[in-house]
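Trainee: I have a model to work through. Can we take it question by question?

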Amino acid sequence: MQPGLQAYLAVAGIIFAIGFAGVLLHKNTLVIYMCLELMLTASTLALVAFSRFYGAMDGALFVFFIITVAAAEVAVGLAIIVALYRRRRTVQVDELNYLKH
Amino acid sequence: MELPKVLSLILLLPLASAVVIALFLRKRGNLAALVSIMAGFMVMGLSVYAILHSFDPARLVYPANTPATALPSPAMQTWQQMAGPTWLDFSRHWLQFGNYVFSMGFHFNNLSALMLLVVSFVASWIQLFSAGYMADDEGKGRFFGGLSIFMFSMLGIVLADNLVMLFVFWELVGFSSYMLIAHYYKTDFANMASKKAFIVNRIGDFGFLLGIIWCWDHYGTVRLSELENIIGFHPGLLNSATAVKIGLLLTCGFIGKSAQFPLQVWLTDAMAGPTPVSALIHAATMVAAGVYFLARVFFLLPPETLHWIMWAGAAMTACAGLWALGQTDIKKTLAYSTLSHLGYMATAVGLGYPQLAMFHLAMHACFKATLFLGSGSVIHACHHEQDIYKMGGLLKKMPVTGLTFLLASLANCAVPFFSGAYSKDSIISAAFLKGHDEGVVYYGVYALVLIGALCTALYTCRLYSVVFLGKSRSDDAGHAHESSASMTIPLVVLGLLSLGAGWVVYDWKWAGGLMNGVFPVGCAQVFVSAFAGLSQTLEEKGLGHSLEITNILVILAGLFAAYVFYGRSQTAGDPLAAKSPRAFRTLERHGWFDDVYDWYVAHVQQRICDIAGALDVLVIKFAGGWGTAGATGLFGAALRRATVGSIHAYVYWFLAGVLLFWFFAMR
């Protein structure tokens with residue numbers, strides 16, 4: 001039996017929820033970042049699923065752009081985290097609170 | 001060249017000169033003087049070229065068919081006779097607010113030709129004089145830049161085709177006057193005098209601006225040619241109360257600029273500026289711009305408005321003449337003389353003879369410029385001494401100045417055959433005619449202008465005999481010697497004109513009929529036929545000779561009395577001050593106008609300012625300033641609490657925000 005659209009969307013929703021929970025619960029910036037990427041991936045999965053089930057290529061096309069942009073964004077994000085670590089010697093968010101009033 | 005091009009060049013040359021001086025030549029006084037004087041003489045040449053080259057004999061008579069009214073009102077006929085047909089009327093779109101279009105352009109007729117000629121001619125010679133007078137001045141570049149910008153503004157008033165453009169240049173003239181009065185800005189007096197001139201002028205200009213706006217609202221246009229057509233087609237429009245009010249408001253501009261009652265107080269203080277400035281701006285041209293303006297919009301002035309102008313002008317003629325007797329400063333005496341003569345011009349406009357006002361304006365420009373330049377030459381020679389009782393005996397030491405001053409003084413008194421006589425006598429006769437034709441009460445005007453004539457003879461003779469005759473009264477005057485050529489040449493030119501400019505009324509044509517006396521025919525046309533018409537009317541009523549003889553007797557009486565009283569006096573100071581200090585003090589304080597205004601400002605206006613200031617503190621500072629600052633501060637303090645320094649908290653904030661948006665989007 002072929003899985004239906006709902007199944008794909010359910011998987012995407014679960015991955016998104018896992019990513020969001022990770023963002024909320026983890027203390028390590030690197031892990032939070034990975035969780036963010038997970039949320040992004042969940043949305044691309046939903047796009048591909050829509051594209052497949054409605055027979056239009058727009059969603060699939062979007063995914064290529066998202067992957068490209070995400071790659072660039074990851075490079076910048078990781079560079080920021082590395083620079084942050086060099087300066088502060090930590091990537092734990094509890095200790096990154098300079099802007100606290 | 002086409003007329004519009006020449007006129008644009010005439011207007012823009014002085015501006016270019018001012019810009020060049022302001023940007024590059026402020027430290028190079030001599031170069032600045034050269035640029036400014038050259039621009040002045042080029043403007044003069046171009047004006048003569050424009051007037052002679054584009055002259056057409058048809059322009060002497062107003063075309064019978066325009067504007068197409070069967071019977072123009074008498075005021076309109078007067079205006080048409082004075083201004084002649086329009087040589088040029090064009091305007092360019094300048095800027096637009098909603099339905100209101102502002103334009104700039106030229107309206108050129110015989111009247112503006114005459115004024116253009118007078119302004120450019122007098123200004124050029126005075127600029128040449130300034131080169132000598134200001135030779136050692138530190139701020140020479142600034143001074144000549146100021147003269148150029150004044151030229152530009154004044155020519156703008158002369159050529160303007162609508163009231164808004166005229167107002168713009170009117171204010172520019174006020175600014176350049178302010179700038180030049182404050183030339184010696186290191187002295188307190190010059191600073192205060194410049195502020196006084198500017199502020200008093202603003203008061204008049206406020207009414208003027210209201211008048212222009214109301215005129216736009218009431219007649220639907222501010223273009224002179226369109227206004228002329230409207231009034232030409234519907235003379236009845238002038239009978240309404242609104243028309244009278246508009247006329248009076250427009251007259252406010254004249255009162256401020258020409259220093260008439262009750263705003264006359266600024267003109268005498270304006271003498272704090274350098275003497276050529278007094279000659280150019282505060283005697284010959286700018287203060288006369290008010291009279292020119294009245295002539296220019298003469299068709300807009302209903303009889304009731306003219307009535308006011310006539311009485312105020314006649315009163316000023318007599319009062320200023322008397323006040324002049326109480327001054328010991330040579331320039332202030334001349335300033336009151338200017339006020340008195342402006343009063344004559346206002347009287348002429350009020351009597352319904354704007355042509356004679358323009359005639360007197362032209363003659364006055366010649367002889368009053370000479371008088372001021374002569375006084376400048378004297379002041380320069382006496383090391384900036386202005387008190388006439390520290391001069392004396394200067395005729396022998398400064399013969400050119402002394403003789404030209406004599407010519408101009410005689411013209412000032414209206415001695416027969418001198419230029420002032422033709423215009424002034426005709427105004428006095430017109431006043432008598434008004435009394436003769438329209439009621440005994442108007443003999444009051446005649447009496448006032450006759451008192452003015454008597455005072456003119458008195459103060460002129462007093463001035464001349466104290467300054468130029470007798471013995472030297474101080475060392476400075478004893479060591480005085482004649483000024484340099486750049487100062488004496490303008491004196492001679494303008495002095496000869498003070499003698500001969502009035503002969504234009506004998507209609508002596510030359511240069512193939514292009515010139516009449518020293519004026520181009522078109523310019524002379526402004527007043528020659530009106531003068532002839534008035535003489536003929538007087539002749540028909542058998543009044544001509546008796547009026548002429550009365551005038552001469554009054555002048556002779558004045559000259560004789562002044563010579564006996566002042567010329568032969570042995571006292572060190574003013575003989576009147578010695579004999580009757582109280583009378584002298586009354587004249588010196590010129591009717592306590594300044595004191596009344598001082599009291600008003602200190603005790604009434606200052607109170608209002610205090611109340612306004614308290615309201616300002618209460619509303620704007622406490623409620624407005626502190627209120628908004630406090631509210632913003634409180635809000636900021638609350639927001640600061642939200643900055644907890646934990647990314648997770650921010651994510652929850654973000655989530656809450658998204659949910660909020662979602663909620664509103666779904667609703």
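Mentor: What follows is a set of short questions and answers on this predicted model.

Trainee: How many helices and how many strands does chain A have?

Mentor: The elements of chain A run α-α-α from the N terminus on. That makes the count three helices and zero strands.

Trainee: What radius of gyration does chain A have, set against a compact globule of 101 residues?

Mentor: Start with the spans. Along its principal axes the C-alpha trace of chain A covers about 50 × 25 × 25 Å. Buried residues make up 5% of its 101 residues. A compact globule of that length would come near 13 Å, but chain A has 17 Å.

Trainee: Is A:Arg89 buried or exposed?

Mentor: A:Arg89 sits in the segment after helix H3 (58-88) of chain A. Its phi is positive, about 60°, although it is not a glycine. The cut-off for exposed is 12 or fewer C-beta neighbours within 10 Å. A:Arg89 has 8 inside 10 Å, so it counts as exposed.

Trainee: Which residue of chain B, not a glycine, has a positive phi of about 75°?

Mentor: Look in the loop between helix H17 (399-413) and helix H18 (419-438) of chain B, where B:Phe417 is found. B:Phe417 has 12 other C-beta atoms within 10 Å, so it is exposed. The residue with the positive phi of about 75° is B:Phe417.

Trainee: Which two residues does a cis peptide bond join?

Mentor: Go to the loop between helix H9 (241-257) and helix H10 (265-269) of chain B, where B:Pro262 lies. Omega is about 0° at the bond between B:Phe261 and B:Pro262.

Trainee: Where does helix H1 of chain B bend?

Mentor: H1(B) covers residues 3-24 and reaches 31 Å from first C-alpha to last, close to the 32 Å expected. The bend is about 30°, and a proline, B:Pro14, follows within four residues. The bend is at B:Leu12.

Trainee: What do the buried residues of H1(B) pack against?

Mentor: Those buried residues include B:Leu7, B:Leu11, B:Pro14 and B:Ala18. Residues three or four places apart on an α-helix point the same way, because there are 3.6 residues a turn. The packing partners, in chain B, are helix H2 (29-53), strand S2 (100-108) and helix H5 (140-159).

Trainee: Which helix of chain B gives the most to the side that touches chain A?

Mentor: Eight residues of chain B are in contact with seven of chain A. The chain B side divides into three nonpolar, four polar and one charged. The top contributor, with three residues, is helix H27 (residues 647-666).

Definitions and conventions. Residues are numbered from 1 along each chain as its sequence is written. Chains are lettered from A and ligands numbered from 1 in the order in which they are written. This is a predicted model: local features need pLDDT of at least 70, side-chain atom pairs count only at pLDDT 80 or more; totals for chains, interfaces and linings use all residues. Helices (H or I, at least four residues) and strands (E, at least two) are DSSP runs, numbered from the N terminus. The expected span of a helix is 1.5 Å times one less than its number of residues. The bend at a residue is the angle between axes fitted to the seven residues ending there and the seven starting there. A residue is buried if 20 or more other C-beta atoms lie within 10 Å of its own, exposed if 12 or fewer, and partly exposed in between; C-beta atoms are placed from the backbone. Two residues are in contact if their C-beta atoms, placed from the backbone, lie within 7 Å. Ala, Val, Leu, Ile, Met, Phe, Trp, Tyr, Cys and Pro count as nonpolar, Asp, Glu, Lys and Arg as charged, and the others, Gly among them, as polar. The radius of gyration is taken over C-alpha atoms; the globule rule is 2.2 Å times the number of residues to the power 0.38.
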